[in-house]
Amino acid sequence: METLTQPQTTKYSLAELTSYFLKLGTLGFGGPVALIGYMHRDLVEDKRWISEDEYREGLALAQLAPGPLAAQLGIYLGYVHHGIWGATLTGLAFVLPSFVMVVLLGMAYKLYGGLPWMQSVFYGVGAAVIGIITLSCYKLTIKSISKIELQAIKSRWILWIFFFTMALVTAITQREEVWLFILLGFIYMVVKAPPEWLQRRDTSLSVILLAGTGFWQYEPGELVKLGLFFTQAGAFVFGSGLAIIPFLQAGVVGEMGWLNEQQFLDSVAVAMITPGPVVITVGFIGFLVSGFAGAAVAALGVFLPCFVFTVLPAPYFKKISKNASIKAFVDGITAAVVGALVGSVIVIATRSIVDIASAILAVVTILALIYFKKLQEPYIIVAAALIGFCLKTYL
């Protein structure tokens with residue numbers, strides 16, 4: 001059999017779910033791959049608030065819709081049992097902590113003329129993050145496709161081909177091609193559970209703050225430009241932070257000239273050393289351009305489209321996902337999505353693992369998470385940051 005009986009989910013309140021996403025947004029390091037892994041571990045495996053099918057439906061929809069992957073999945077999981085209010089509160093709770101952090105870091109950046117310690121901290125954090133997301137990818141793979149056993153692989157060999165295809169394509173192109181997700185999902189649907197229409201060949205279808213931080217500095221004209229640019233980024237860029245960062249770099253540095261290359265790299269580093277969605281780097285960029293107003297406009301521009309594109313199709317997606325053909329379509333897309341996430345890890349690793357020391361730190365992180373089950377990721381991130389700072393500063 002290709003599907004297993006799902007364990008019974010337990011009831012939970014909207015306050016409990018909102019509290020969980022507030023905690024995840026405050027302590028969830030590692031970028032989109034790690035964050036969606038945490039959601040699966042906590043909400044599906046441990047708490048059993050969300051079923052495996054609901055999670056996989058959310059992951060597929062999040063990948064198909066434009067915008068940041070982890071935020072979309074969180075919004076969908078909030079919608080599953082608590083509707084619009086659940087989607088709204090979980091989305092806000094998930095994004096707000098990291099938004100506050102990047103605004104504070106933006107204030108420090110402007111006040112002190114840059115954050116020279118950031119690269120040394122990121123050296124350690126980046127390596128540890130690779131370890132965290134690598135383990136998350138492994139867990140997602142065996143959950144979404146099959147266990148690493150000969151019989152299981154044989155029974156789902158098509159999905160494994162999709163998985164490796166997308167991992168390779170993403171690693172080589174450094175992009176996540178949404179048309180490929182749809183194509184592979186359609187192929188699996190045709191092979192496993194062709195719909196009736198296909199068989200018939202019918203083709204119908206205000207606080208006081210320190211002076212000098214730039215908190216209140218903004219220009220109305222720049223706010224309009226920021227809003228338009230970041231709304232476009234949120235509405236037309238698919239996939240994780242990996243996909244949106246090159247788009248932002250081309251626009252923010254090249255086209256608009258808001259930041260220089262070093263400031264943009266510092267913005268990305270800020271996103272990586274703070275918890276929550278990586279795309280929150282837009283808040284830091286917006287702050288450097290037009291203070292707090294710029295940060296708010298940039299964040300709203302990116303996250304509002306993702307909210308709309310997740311909530312509007314959610315009720316219909318949930319209803320039709322019970323259909324055998326649609327389930328096969330989702331299975332195909334999910335295998336492709338997980339493969340693309342693995343490819344993303346490979347790309348990120350080539351930028352974070354730069355020498356033997358960082359490689360060792362990544363491996364030690366994986367081993368620590370495997371052998372010390374109760375070890376929390378924030379502790380690993382803090383330790384890695386200290387190690388990276390010491391290595392780069394004193395050696």
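So, α7 and α15: these two helices pack at an angle of about 35 degrees, and their axes are 7 Å apart. Keep in mind that this is a predicted model. The crossing of α7 past α15 is right-handed. Helix α15 covers residues 324-352, and α7 runs over residues 157-173.

Who's touching whom there? On the α7 side you've got Leu 159, Phe 162, Phe 163, Met 166, Ala 167, Thr 170 and Ala 171. On the α15 side the partners include Gly 332, Ala 335, Ala 336, Gly 339, Ala 340, Gly 343 and Val 347. Look at the spacing in those lists with this in mind: an α-helix has 3.6 residues a turn, so residues three or four places apart point the same way.

Okay, aromatics. There are 11 aromatic pairs in the structure. One of them is Tyr 12 with Trp 49, and those rings are stacked, 4.7 Å centre to centre with 20 degrees between the planes. This pair connects distant parts of the chain, 37 residues apart: Tyr 12 is in the segment before α1, while Trp 49 is in the loop between α2 and α3. Are these two buried or exposed? Tyr 12 has 10% relative accessibility, so it counts as buried, and Trp 49, at 9%, is buried too.

Now back to Phe 162, which we just met in α7. Phe 162 also pairs with Tyr 188, this time edge-to-face: 6.2 Å between centres and 75 degrees between planes. Tyr 188 belongs to helix α8, residues 178-192, so the pair ties α7 to a part of the chain 26 residues away in sequence. Both residues are buried. There's also an aromatic cluster, made of Tyr 20, Phe 21 and Phe 94.

Let me stay with that α2–α3 loop for a second. Lys 47 has its charged end sitting over the Trp 49 ring, 5.0 Å from the ring centre. Between those two in the numbering is Arg 48, also in the loop. What's odd about the phi of Arg 48? It's positive, about 60 degrees, and Arg 48 is not a glycine. For context, most residues other than glycine have a negative phi. Arg 48 is partly exposed, with 40% relative accessibility.

Right after the loop comes α3, residues 52-64. The ruler check works here: at 1.5 Å a residue, its 13 residues should span 18 Å, and the end C-alpha atoms are indeed 18 Å apart. How much of α3 is buried? 11 of the 13 residues, so the helix is largely enclosed by the rest of the structure. And the buried set isn't just Leu and Ala; among them are Glu 52, Glu 54, Arg 56, Glu 57 and Gln 63.

Two single residues to finish. Leu 248 sits in α11, residues 241-255, and is buried at 0% relative accessible area. Setting aside residues up to four places away in sequence, Leu 248 touches Phe 229, Phe 230, Ala 233, Val 253, Phe 264, Thr 281, Val 282 and Ile 285. The C-alpha atoms of Leu 248 and Val 279, 31 residues apart along the chain, are 9.8 Å from each other.

Then there's Ile 353, in the loop between α15 and α16. At 24% relative accessible area, Ile 353 is partly exposed. With those sequence neighbours left out again, Ile 353 touches Ala 127, Ile 130, Ser 358, Ala 359 and Ala 362.

Methods:
Residues are numbered from 1 along each chain as its sequence is written. This is a predicted model: local features need pLDDT of at least 70, side-chain atom pairs count only at pLDDT 80 or more; totals for chains, interfaces and linings use all residues. Side-chain values use heavy atoms; hydrogens and water are left out. Helices (H or I, at least four residues) and strands (E, at least two) are DSSP runs, numbered from the N terminus. The expected span of a helix is 1.5 Å times one less than its number of residues. Buried means under 20% relative accessible area, exposed over 50%, partly exposed in between (1.4 Å probe, protein chains only). Rings of Phe, Tyr and Trp (its six-membered ring) pair if their centres lie within 6.5 Å; planes under 30 degrees apart count as stacked, over 60 as edge-to-face and the rest as tilted. A charge sits over a ring if NZ of Lys or CZ of Arg is within 6 Å of the ring centre and within 35 degrees of the ring normal. Axes are lines fitted to C-alpha atoms, for helices over the stretch in contact, and angles run from 0 to 180 degrees between N-to-C directions. A crossing is left-handed if the near helix is turned anticlockwise from the far one by less than a right angle, and right-handed if clockwise. Contact means heavy atoms within 4.5 Å.
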